[in-house]
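Trainee: I'd like to zoom in on one part of this model and take it slowly. Could you walk me through it once we have it on screen?

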Amino acid sequence: MFPKKSKGPSVIRLISGDVFSVADLPPVTLKRWTASRKRAVVRAVIYNIITAQEAIDAYALSQEEFNAWLARCADHGADALKETKIKKYRQP
């Protein structure tokens, strides 16, 4: 079966020189989220590989949860996506 063609690019080169593609996204049958998996989904949305709505639908996320990931990543970087660091990065 062929993957669904998205409107964005399927492969991009990051500033660090690394290549990021649709293949780097976590599987949609995911049960356990890690910071690196969250970062992969956020990156895919930021670089227009997939849309935010596609990510929310594919991974069964709530709009609030995904927006929290985006906000934490934008405000504090990828380290803020770790659940053990929530207290450190939580707004007072």
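Which residues are buried in α3?

Mentor: Keep in mind as we go that this is a predicted model. In α3, the buried residues are Phe66, Trp69, Arg72 and Cys73. Looking down the axis of α3, you'd find its buried residues within an arc of 125°, so they line one face of the helix. Turn to the other side of α3 and you meet exposed residues: Glu64, Ala74 and Asp75.

As for the helix itself, α3 covers residues 63-76, which is 14 residues. From first C-alpha to last, α3 reaches 20 Å, close to the 20 Å expected at 1.5 Å a residue. Right after α3 comes Gly77, and its phi is positive, near 90°.

Now let's see where that buried face fits in. Phe66, one of the buried residues of α3, also turns up in the largest nonpolar core, a set of 20 residues. Phe66 is among the residues with the most contacts inside that core, along with Phe20, Leu25 and Ile50. The elements giving two or more residues to this core are α1 (35-46), α2 (52-59) and α3 itself. The largest share, though, is that of α1, with six residues.

Ile50 is worth a click too. If you skip its neighbours within four places in sequence, Ile50 touches Leu25, Ala44, Val45 and Ala55. Leu25 is another of the residues with the most contacts inside the core.

Next, have a look at strand β2, which spans residues 19-21 and holds Ser21. Ser21 has a relative accessibility of 14%, so it counts as buried. With neighbours within four places in sequence set aside, the contacts of Ser21 are Ser10, Val11 and Ile49.

Finally, zoom out to the protein chain as a whole. Its secondary structure amounts to four helices and two strands, and the order from the N terminus is β-β-α-α-α-α. The protein chain has 92 residues, 32% of them buried. Take the contacts with a separation of 6 or more: 42% of them are between residues 24 or more positions apart. On the outside, the accessible surface is about 6,500 Å², and carbon and sulfur atoms account for 56% of that.

So, back to your question: the buried residues of α3 line one face of the helix, and α3 is one of the elements that give two or more residues to the largest nonpolar core.

Notes:
Residues are numbered from 1 along each chain as its sequence is written. This is a predicted model: local features need pLDDT of at least 70, side-chain atom pairs count only at pLDDT 80 or more; totals for chains, interfaces and linings use all residues. Side-chain values use heavy atoms; hydrogens and water are left out. Buried means under 20% relative accessible area, exposed over 50%, partly exposed in between (1.4 Å probe, protein chains only). Contact means heavy atoms within 4.5 Å. The expected span of a helix is 1.5 Å times one less than its number of residues. The arc is that of the directions from the helix axis to the C-beta atoms. Accessible areas come from the Shrake-Rupley method with a 1.4 Å probe; for residues, only the protein chains shown count as cover. A nonpolar core is a set of buried Ala, Val, Leu, Ile, Met, Phe, Trp, Tyr and Cys residues joined through side-chain atoms within 4.5 Å.
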